[in-house]
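Welcome! Here is a short briefing to read with the structure open beside you. Take your time and look up each part as it comes along.

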Amino acid sequence: MNTILQNAYPSIEEIAGCNCFPSDERFLRGSVAVIECIQEIPCNPCEAACKHGAIEIGNSITNRPVLKEDLCTGCGACVSKCPGLAIFIVNREYNEKEAAVTFPHEYLPLPKKGQEVDAVNRTGNIVCKGIVIQVNNSANNDCTTVITLAIPKEYANEVRGMKRLDREDAKALHECICNKTGNTDDTIVCRCEEVTSQQIKDAILDGAVSLTGIKRRTRAGMGLCQGRTCQKIISRMLCGMTGLTEDKIDPDTARPPVKPVSIAVLGGDEND
Amino acid sequence: MTKTADIVIIGGGMQGMASAYYLSQKGLKTILIEQGDIANGTTSRSDGDAFVSDTNPGYMTFFAKAAAMEFDTLARDLDCDFEWIKRGCVLLIENEAELEIAKKQYEAKRKNGIEIRLMDQKEVHYDEPNTTPDIIAGLEFTEGGSLNPMLLSFGLGNAILKMGGELRPYTKAMGFEIDQKGSVAKVLTDNGDILTDKVVLAAGVWSADIARLAGINLPITAMKGDLLVVEPEVYITRRKTMEFGYNIVRNEYGTKRSVTPFMEAHGIGFLIEPTLSNNALIGFSKYPVNSTLSNNMVIRAIAKRAIRFFPILKDMNIIRTYSGVRPWTPDHEPIVSDTQINGFYISSGHCGNGIMYSPFSGKLISQMVCGEETDIDITPLSLSRFEDNIKL
């Protein structure tokens with residue numbers, strides 16, 4: 001069986017089975033929300049996001065959303081509000097040959113309007129090329145970028161995202177983000193141990209050429225999450241400053257346990 | 001032939017860094033080589049403390065006290081905060097047999113000038129209320145403290161560079177050239193040769209392999225220890241607290257503790273040490289294995305032993321475990337010594353007290369190299385005490 005529990009993405013059958021897919025008649029009238037939310041999750045921001053009352057959850061918060069397709073204008077206000085990134089806007093009638101698919105995209109760097117990108121399906125595999133027709137970063141989206149792609153009509157039911165762009169320009173991008181936020185060096189990189197970007201840079205200047213070297217100098221990665229959050233960022237900083245490529249940077253020594261374990265569990269009677 | 005360096009130090013852990021620091025202070029041009037990064041080996045896998053609690057009374061206790069006092073000087077002289085906190089430690093006594101040994105140590109160490117106090121049951125539980133009720137007494141050492149050995153190593157490194165010394169990480173010692181007179185002439189590395197007439201070998205567990213390249217047989221082996229890191233922000237103890245049994249395990253007194261055969265075989269006991277980073281470290285183990293991978297069974301046994309002394313720990317989480325290898329010698333005392341090769345010195349084999357002994361050992365080595373009188377007589381630490389082991 002192809003299920004979301006096995007694959008981490010829903011199958012067409014599962015989506016069809018939850019009675020939330022707009023009808024063909026509605027698709028003929030242009031943009032409409034496609035809600036691919038098939039699990040009974042306690043979550044309802046989509047209901048409040050729709051100013052037209054087109055999405056209904058009802059009294060039980062674990063209800064799946066129901067789309068009232070005649071009320072939906074396809075405005076897209078709900079797309080960035082779904083924490084599960086499960087809402088899309090599909091316009092099968094974008095023009096004669098193409099459909100438009102709108103989806104949330106939480107990766108950097110962002111594409112530019114008019115750029116040709118790889119359009120991907122629910123599994124993340126490339127299915128066709130698409131042209132970016134909108135990059136919506138409005139304040140209402142609260143940092144979740146919403147992108148609209150024009151794609152060949154026949155893939156309208158398949159395309160649900162775009163391939164993440166290469167970070168060939170990552171350094172410039174980093175600077176761009178830093179300029180935006182102002183205080184670059186106070187940015188906390190390791191949140192558990194509150195290690196700042198400046199402290200990481202100082203450690204690299206001090207001669208650290210590995211994640212372990214930085215850890216020993218700053219404690220970055222020694223907190224509750226054991227480096228799961230900051231390791232990637234730090235290795236990128238290391239690449240940027242030393243000229244090493246990411247494949248040359250060894251991962252930090254993995255130390256058990258994988259997640260915090262209580263001493264009572266460890267000290268059980270098994271080892272007598 | 002012109003020398004590249006007055007002296008080469010092999011090993012970038014606490015011993016090597018301290019030796020290079022004091023030798024640079026004496027005005028010698030030093031080059032330190034290290035096979036990995038600075039503070040990469042046992043230094044970064046230790047619990048970073050300096051207490052005079054686990055030495056045998058007599059010479060080693062004098063040595064330990066002098067060593068612990070060096071950190072005050074370093075804290076003042078170095079432009080580096082290495083988290084040196086002096087808060088003493090308490091040893092928990094489980095039964096009458098341990099109390100007997102503890103009483104003898106108390107008398108002997110007091111005569112050695114150590115600030116020590118025997119606490120009765122009531123006092124122990126008043127002092128550390130989380131202790132399990134059946135602990136019958138405690139032995140308190142008010143001197144000594146804990147530190148961050150990695151920060152200290154980096155701090156010493158910066159001071160060495162400022163004094164004109166040189167650090168060469170990722171440089172491995174590959175051999176030595178000894179001249180016809182039996183003196184050091186060259187240190188061969190995988191990163192070029194260094195002309196010098198003096199060498200200090202301070203490579204901890206790796207010392208024996210390197211000494212063999214010069215034809216010296218060092219009786220140093222690996223003694224593994226494991227530590228558990230408790231989640232931050234929980235209060236368990238005020239200061240370092242450990243079972244008195246640590247002395248029994250470390251110094252091999254032969255008295256049996258009431259532990260499982262597995263615990264006995266792996267030298268498992270209890271210590272807890274709150275750190276400045278708000279974590280607490282829990283130990284300990286001692287068994288002859290040369291690996292820095294955590295051993296699940298040992299970790300479990302340490303957890304079990306910890307609950308026996310501090311039942312409150314049951315509800316707390318372990319976020320990380322780590323292991324290191326102590327450079328062990330047959331008599332548990334360090335080797336701070338010259339050798340049969342002129343200009344070849346050794347500062348290694350500091351067993352479980354390497355962090356504490358390192359600045360003092362480094363200082364002694366620098367005095368020995370310069371032909372000065374040493375702060376303390378170091379003949380008891382000479383390599384020649386293992387004469388049977390040395391084959392040319």
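In this predicted model, chain B holds an open sheet built from six strands, which run in the order 8-2-1-12-19-18. The pairing in this sheet is mixed. Once you have found the sheet, you can look at its edges, a helix that packs on it and the domains of the chain.

**The sheet and its edges**
- Strand 8 (166–168) and strand 18 (335–338) of chain B each have a single partner strand, so one side of each is left without a neighbour in the sheet.
- On average, neighbouring strands of the sheet are turned by 15° against each other, if direction is ignored.

**One pair of strands up close**
- Strand 1 (residues 7–10) and strand 12 (residues 199–201) of chain B pair in the parallel sense, with three bridges between them.
- Try finding Ile10(B): its bridge partner in strand 12 of chain B is Leu201(B).

**A helix on the sheet**
- Helix 10 (residues 354–369) of chain B packs on the sheet and touches strand 1, strand 12, strand 18 and strand 19 (344–348) of that chain.
- The direction of helix 10 makes about 170° with that of strand 19 of chain B.

**Two domains**
- The domain assignment of chain B gives domain 1 (7–45 + 149–219 + 332–389) and domain 2 (89–142 + 221–328).
- Taken over C-alpha atoms, the centres of domain 1 and domain 2 of chain B are separated by 31 Å.
- Where these domains of chain B meet, twelve residues of domain 1 are in contact with twelve residues of domain 2.
- On the domain 1 side of this contact in chain B, two residues are nonpolar, nine are polar and one is charged.

Terms used
Residues are numbered from 1 along each chain as its sequence is written. Chains are lettered from A and ligands numbered from 1 in the order in which they are written. This is a predicted model: local features need pLDDT of at least 70, side-chain atom pairs count only at pLDDT 80 or more; totals for chains, interfaces and linings use all residues. Two strands pair if DSSP finds at least two bridges between them. Helices (H or I, at least four residues) and strands (E, at least two) are DSSP runs, numbered from the N terminus. Axes are lines fitted to C-alpha atoms, for helices over the stretch in contact, and angles run from 0 to 180 degrees between N-to-C directions. Two residues are in contact if their C-beta atoms, placed from the backbone, lie within 7 Å. Domain bounds come from an automatic or database domain assignment. Ala, Val, Leu, Ile, Met, Phe, Trp, Tyr, Cys and Pro count as nonpolar, Asp, Glu, Lys and Arg as charged, and the others, Gly among them, as polar.
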